[in-house]
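Here are my notes on this one, for when you get round to looking at it. I've kept them as numbered points, so skip about as you like.

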Amino acid sequence: MTYDAESGKMIMNPTAFEEVYAIMEASFPDTEFRTYNGQKALLSHRHYRLYTERDAENRILAFLAAWEFPELRFVEHLAVNPEIRGSGIGKKLMQAYLSRPGKPVMLEVELPEGKLAQRRIGFYERLGFHMNPFDYVQPPLRTGQAALPLRIMTCPRQATLQEFRLYRDLLYAEVYNIQVPGRRR
């Protein structure tokens, strides 16, 4: 995938998007990603980026989907092909992303209520993320879905309440397209 400065859009060949979306479908419940058309439409958003890890045959093994704003970077999805999970590729991809200095990085995680959720949280903690103590709800990504209670993790440190509110409002306005009172778009 390349960035076309003239159009301000990400250019991804159709086969690559199909590979990314197939990994997404195999990795997340429907409540945590958009429909095919909704996800594909993000490729033209000026703040949305997709980073991939490929094998020798140029197949996508893993991807990291992020929103990059002046205030922060938001990792929306990190996923590895189910056939090779546990190989360290996801860790490598996230470490490369975190190595870029300058802005805090945040992501959403499930509530720490089950073993799998706790394992995911532990994975991010080992990478330097910190759980924030503030209540957070992800707006629905598809029509007819309910809002999803999640938690926010940030790197390299916990966010203050003021930072958390700024970040949440930015996500609501830009990522989830929700009108936030007092925020200009």
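**Notes on pockets, strands and a few odd residues**

1. Let's begin with a residue in a loop. N13 is partly exposed, with a relative accessible area of 45%. The loop in question runs between β2 (9-11) and α1 (14-27). Keep in mind throughout that this is a predicted model. If you want a distance to check, take N13 and I89: they sit 76 residues apart in sequence, and their C-alpha atoms are 22 Å apart in space.

2. On to the pockets. The largest pocket comes out at about 890 Å³. It has 30 lining residues, and the closest to its centre are L78, A79, R120, F123 and Y124. Which elements give two or more residues to that lining? They are β5 (73-80), α3 (89-98), β6 (105-109) and α4 (115-126). By class, the lining of the largest pocket divides into 14 nonpolar, 7 polar and 9 charged residues.

3. The second largest pocket holds about 150 Å³ of space. Its lining is drawn from several stretches of the chain: R34, T35, G38 and L42, then P140, L141, R142 and T143, and finally E174, V175, Y176 and N177. Split by class, the lining of the second largest pocket has 5 nonpolar, 4 polar and 3 charged residues.

4. Two of the residues in that second lining, E174 and V175, are also among the buried residues of α5. The others on the buried list for α5 are E163, F164, Y167, L170, L171, Y172 and A173. What do the buried residues of α5 pack against? The answer is a set of strands: β4 (60-68), β5, β6, β8 (136-138) and β9 (148-155).

5. A quick geometry check on α5, which covers residues 161-175. With 15 residues at 1.5 Å a residue, the helix should span 21 Å, and the C-alpha atoms at its ends are 20 Å apart, so the two figures agree.

6. Just after α5 comes N177, with a positive phi near 60 degrees. That's a positive value in a residue other than glycine, so give the backbone there a look if you're checking torsions. Is N177 buried or exposed? At 55% relative accessibility, N177 counts as exposed.

7. Now the strands around β4. Why call β4 largely enclosed by the rest of the structure? Because 9 of its 9 residues are buried. On one side of the pairing list, β3 (residues 48-54) runs antiparallel to β4, with 7 bridges joining them, and Y48 stands opposite W67 in β4. β4 and β5 are also antiparallel and joined by 7 bridges, with A62 partnered by V80 in β5.

8. The connections are hairpins. β3 and β4 have 5 residues between them, whereas the hairpin from β4 to β5 goes through 4 residues. In the turn between β3 and β4 sits N58, with a positive phi of about 70 degrees. N58 is another non-glycine residue with a positive phi, and at 47% relative accessibility it counts as partly exposed.

9. Two glutamates deserve a mention. E53 is in strand β3 and counts as buried at 19% relative accessibility, where the cut-off is under 20%. Leaving out residues up to four places away in sequence, E53 touches R59, I60, L61, A62, I89, K92 and L93.

10. The other glutamate, E68, is in strand β4. E68 counts as buried too, at 13% relative accessibility. With residues up to four places away in sequence left out, its contacts are H47, R49, Y51, R73, Y97 and R100. E68 and E110 are 42 residues apart along the chain, with 22 Å between their C-alpha atoms.

11. Last point, a peptide bond. Which residues does the cis peptide bond join? It joins C155 and P156, with omega about 20 degrees. P156 is in the loop between β9 and α5.

Note on methods
Residues are numbered from 1 along each chain as its sequence is written. This is a predicted model: local features need pLDDT of at least 70, side-chain atom pairs count only at pLDDT 80 or more; totals for chains, interfaces and linings use all residues. Side-chain values use heavy atoms; hydrogens and water are left out. On a 1 Å grid over the protein atoms alone, a cavity is a set of points where a 1.4 Å probe fits but cannot get out, and a pocket is an open set with protein on both sides within 12 Å along at least five of seven lines; lining residues have an atom within 4 Å of a point. Grid points are joined across faces, edges and corners, and a volume is the space filled by probe spheres set on the points. Ala, Val, Leu, Ile, Met, Phe, Trp, Tyr, Cys and Pro count as nonpolar, Asp, Glu, Lys and Arg as charged, and the others, Gly among them, as polar. The expected span of a helix is 1.5 Å times one less than its number of residues. Buried means under 20% relative accessible area, exposed over 50%, partly exposed in between (1.4 Å probe, protein chains only). Contact means heavy atoms within 4.5 Å. Two strands pair if DSSP finds at least two bridges between them.
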